[in-house]
Amino acid sequence: MSRPEEDDSDTAGREGSGNAEYGHRPFKRGRSHFVDRVTRDGRDGWPVEYGRYRLVVSRACPWASRALVSRRLLGLDDALSLAVADPIQDDRSWRFTLHPDGRDPVLGIRYLAEAYEAREPGYSGGVSVPAIVDVPSGELVTNDFQRITLDLATEWRELHRAGAPDLYPEERRDEIDEVMDAVYRDLNNGVYRAGFATGQREYEDAHRDVFRRLDLLSGRLADRRYLVGDTITEADIRLFTTLVRFDAVYHGHFKCNRNKLIEDPVLWAYARDLFQTPGFGDTVDFDHIKRHYYIVQSGINPTGIVPVGPDLSGWLTPHHREQLGGRPFGDGTPPEPVRRGEAVPEAGRP
């Protein structure tokens, strides 16, 4: 998740600007500036190696949450260490103030921006998560949120746990890509276009796209358990991370308020099904989500008041989606329980 920006050269990520700009300037999703890939053959200079890299995320950010879910499902917990940033940014962006001394214990830095600076001295663009950092050098490798999870599913295969699902099966990639492209355009990014709109027509166009896509997805999922095939794929991960934030943030804060997720029986059941699947709900922290959006995005919510609701208890209620069949992990198995050091605090759970 990066700041609203026109392109990679924009200064919205610089110190002294940013948080108050939300909702006061035209929104366009910034392109990822660092697009190197960590691959099996190391063709970009970054070969897949056990323990070499650190994944930096915020539990508040939907783009970073994709990587959290993928890492859990694939069993990369030991191979790719995890750094969780404070959901409350300052104008230098993501910081490691969740740790007592304010530094990431592995990278030794206070701000993710320091890894960007190590990679490109003088860098002044946006600082976004998810990010993969090379631990030995301290340099950022990539912040390409669209590519990171696809590479975790494919290029990192030799380090997957036994029983890991195939989240991007080769024979279904065309269909997965088609679904993901539509979901990204109208929904994943559409809620931001609505929330950061600076004019009525701009907002209404985005709002229409969001609910048109939700209606199409509801129809698609009415008689199938998952978006593509009968197993969980990358497409489900990308839809889930928006749906899980919908009622808590996007409905009110971003004015995507034609209806709530809980008012669509199909999508609400689908979202609960995934939430209750190991690897999904155990990565979600509603406290981080709400505090980030409502406090950091002061241009939209200048009071900084964080709403008490919505009631989260429904996330653990029966969904009955198993009646549609499907095999969540294909021929594989669920991931192991979350380890103590990476468990989501109780305050963030339903």
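From the N terminus on, the protein chain follows the order β-α-β-α-β-β-α-α-α-α-α-α-α. In this predicted model, the chain therefore comprises nine helices and four strands, where a helix is a run of at least four residues and a strand one of at least two.

**Overall character**

Of the 350 residues in the protein chain, 58% are buried. The accessible surface amounts to about 14100 Å², and carbon and sulfur atoms account for 48% of that area. Among contacts between residues at least 6 apart in sequence, 71% link residues at least 24 apart. A search of the whole structure for disulfides returns zero.

**Helix α3 and its surroundings**

Helix α3 spans residues 145–154 and is mostly covered, with eight of its ten residues buried. The buried positions are F145, I148, T149, L150, D151, L152, A153 and T154. These residues pack against the helices α1 (62–74), α4 (173–188) and α7, and against the strands β3 (131–134) and β4 (140–142).

**R245 in helix α7**

One of the elements that α3 packs against, α7, covers residues 234–250 and contains R245. The side chain of R245 is buried yet forms no salt bridge. Its nearest side chain of opposite charge is that of D285, 9.2 Å away; a salt bridge requires a separation within 4 Å, so this pair does not qualify. Not counting residues up to four places away in sequence, R245 touches R59, A60, C61, P62, S65, Y250, I289 and Y293. One of these contacts, C61, is itself buried, because its relative accessibility of 0% falls under the 20% limit.

**Accessibility of selected residues**

The table sets out three residues by relative accessible area.

| Residue | Relative accessible area | Class |
|---|---|---|
| C61 | 0% | buried |
| C256 | 0% | buried |
| V106 | 43% | partly exposed |

The class of V106 follows from its value: 43% lies between the 20% limit for buried residues and the 50% limit for exposed ones, so V106 counts as partly exposed. C256, at 0%, is under the 20% limit and therefore counts as buried.

**V106 in its loop**

V106 is located in the loop that runs between β2 (81–84) and α2 (113–119). Leaving aside neighbours within four places in sequence, V106 is in contact with R54 and V135. The C-alpha atom of V106 is 8.4 Å from that of A83, a residue 23 residues apart from V106 along the chain.

Methods. Residues are numbered from 1 along each chain as its sequence is written. This is a predicted model: local features need pLDDT of at least 70, side-chain atom pairs count only at pLDDT 80 or more; totals for chains, interfaces and linings use all residues. Side-chain values use heavy atoms; hydrogens and water are left out. A disulfide is a pair of cysteine sulfur atoms within 2.5 Å. Buried means under 20% relative accessible area, exposed over 50%, partly exposed in between (1.4 Å probe, protein chains only). Contact means heavy atoms within 4.5 Å. Accessible areas come from the Shrake-Rupley method with a 1.4 Å probe; for residues, only the protein chains shown count as cover. Lys and Arg count as positive and Asp and Glu as negative; His and the chain ends are not counted.
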